[in-house]
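Could you walk me through this structure while I have it open in my viewer? I am new to it and would like to know what to select next and what I will find there.

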Amino acid sequence: MTSLRTRMMWMSILCCGLITTNGIAISSDTKKETVVRGIAPEKVADFVHSIIEADRTVYTSHVVNRMHDKGIVSANEHWEQQNALPLPAQFLQRAGRLVAKKGSGVRYRLISLWPIYRRNGPATDFERQGLEAVTKNPGTPYRGIVKSGKKQYFQSIYADKAVAKACVDCHNSHPLSPKRDFTLNSVLGGIVITIPIEP
Ligand code: HEC
């Protein structure tokens with residue numbers, strides 16, 4: 001019969017040995033060298049994207065739609081001048097600006113080939129090509145490495161689809177919108193995520 005001590009010993013070997021998960025090898029045994037390899041930038045971008053998407057969905061359904069349905073407050077583009085909530089797109093852009101200010105080099109924006117505001121148009125050829133690609137093929141993010149000065153960045157562009165009728169109605173009727181024939185599930189634009197990488 002295995003004694004408690006032996007079992008404890010085996011447990012500690014199992015717990016503290018080399019654990020390898022998707023390219024990351026960690027050893028909590030101080031005698032062994034700790035190996036931490038980088039996570040692929042595609043994965044990092046996908047992680048960041050899933051967080052942005054989840055926050056936007058929670059804000060849209062549990063704040064904007066809920067408050068509107070209860071007759072308490074609605075979202076309006078001119079929320080700063082009125083008693084209104086920011087639109088989900090404005091919430092995302094604002095949060096993105098805060099992230100950029102942090103100086104980590106990670107950035108994200110909502111962009112489009114048919115932007116309500118020109119500042120939300122593609123800033124580079126890469127972004128334009130990415131928007132064209134995800135408009136044709138919304139299921140596949142457009143990814144690549146871009147250079148800015150001496151620095152290299154990984155960019156990933158994800159399709160942003162009109163998942164609700166409200167997206168279609170507002171983008172088709174906004175006075176500044178250059179396109180007015182969006183339908184449900186049309187690609188309205190994309191979320192571009194930028195991650196700094198080592199040269
Ligand atoms: C009530 C109007 C309204 C609704 C509803 C709305 N948007 Fe927008 N959207 C805007 C405005 C206004 C902006 C510009 C925000 C800014 O940058 O100040 C914008 C920006 C965007 C942009 C960036 C490009 C651009 O047009 O400036 C995308 C992409 C976008 N929205 C997608 C969506 C999607 C997807 C939905 C639905 C899930 C949606 N929008 C719902 C008004 C709306």
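Start with the open sheet: select β3, β6, β5 and β4, which is the order in which its four strands lie, with antiparallel pairing. Keep in mind as you look around that this is a predicted model. At the edges of the sheet you will find β3 and β4 (142–148), each of which pairs on one side only. Turn the view a little and compare neighbouring strands: on average they are turned by 25 degrees against each other, direction ignored.

Now add helix α2, residues 41–69. This helix packs on the sheet and touches β3, β4, β5 and β6. Its direction makes about 130 degrees with that of β6.

Next, zoom in on β4 and strand β5 (residues 151–161). The two run antiparallel and are joined by seven bridges. To see how they line up, select V146, which stands opposite Y153 in β5, and then Y142, which stands opposite I157 in β5. Follow the chain from β4 into β5 and you pass through a hairpin with two residues between the strands. Click on G149 in that turn: its phi is positive, at about 65 degrees.

Time to look inside. Which residues touch the most other members of the largest nonpolar core? They are L110, V134, I157, Y158, I191, V192 and I193, out of 15 residues in that core. Colour α3, β3, α4, β5 and β6 as well, since each supplies at least two residues of this core. Nonpolar side chains tend to be buried together in soluble globular proteins. For a closer view, centre on I191. Leaving aside residues up to four places away in sequence, I191 touches H49, I52, Y108, L110, Y158 and D160.

From the core, move to the ligand. Show the 22 residues that surround it, and label the closest ones: S112, N120, C167, C170 and G189. The elements giving two or more residues to this shell are α3 (88–101), β3 (107–111), α5 (165–173) and β6 (187–197). Of these, α5 provides the largest share, four residues. If you colour the shell by residue type, you will see 14 nonpolar, six polar and two charged residues.

Two more residues are worth a stop. Select K136, found in helix α4 (residues 125–136). Is K136 buried or exposed? K136 is exposed, because 11 other C-beta atoms lie within 10 Å and a residue with 12 or fewer counts as exposed. Now draw a distance from K136 to V187: the two are 51 residues apart in sequence, yet 8.7 Å apart in space, C-alpha to C-alpha.

Then go to N185, in the loop between α5 and β6. Its phi is near 75 degrees, a positive value in a residue other than glycine. Most residues other than glycine have a negative phi. N185 is partly exposed, with 13 other C-beta atoms within 10 Å.

Finally, zoom out to the whole protein chain. You can count five helices and six strands, and from the N terminus on the elements run α-β-β-α-α-β-α-β-β-α-β. Buried residues make up 16% of the 199 residues in the chain. Among contacts between residues at least 6 apart in sequence, 49% join residues at least 24 apart.

Terms used
Residues numbered from 1 in each chain as written. Predicted model: local features only at pLDDT ≥ 70, side-chain atom pairs only at ≥ 80, totals over all residues. Near = placed C-beta within 6 Å. Nonpolar A, V, L, I, M, F, W, Y, C, P; charged D, E, K, R; others polar. Buried ≥ 20, exposed ≤ 12 C-beta atoms within 10 Å, placed from the backbone. Pairing = 2+ DSSP bridges. Axes fitted to C-alpha atoms, helices over the stretch in contact; angles between N-to-C directions. Contact = placed C-beta atoms within 7 Å. Core = buried A, V, L, I, M, F, W, Y, C linked by C-beta atoms within 7 Å.
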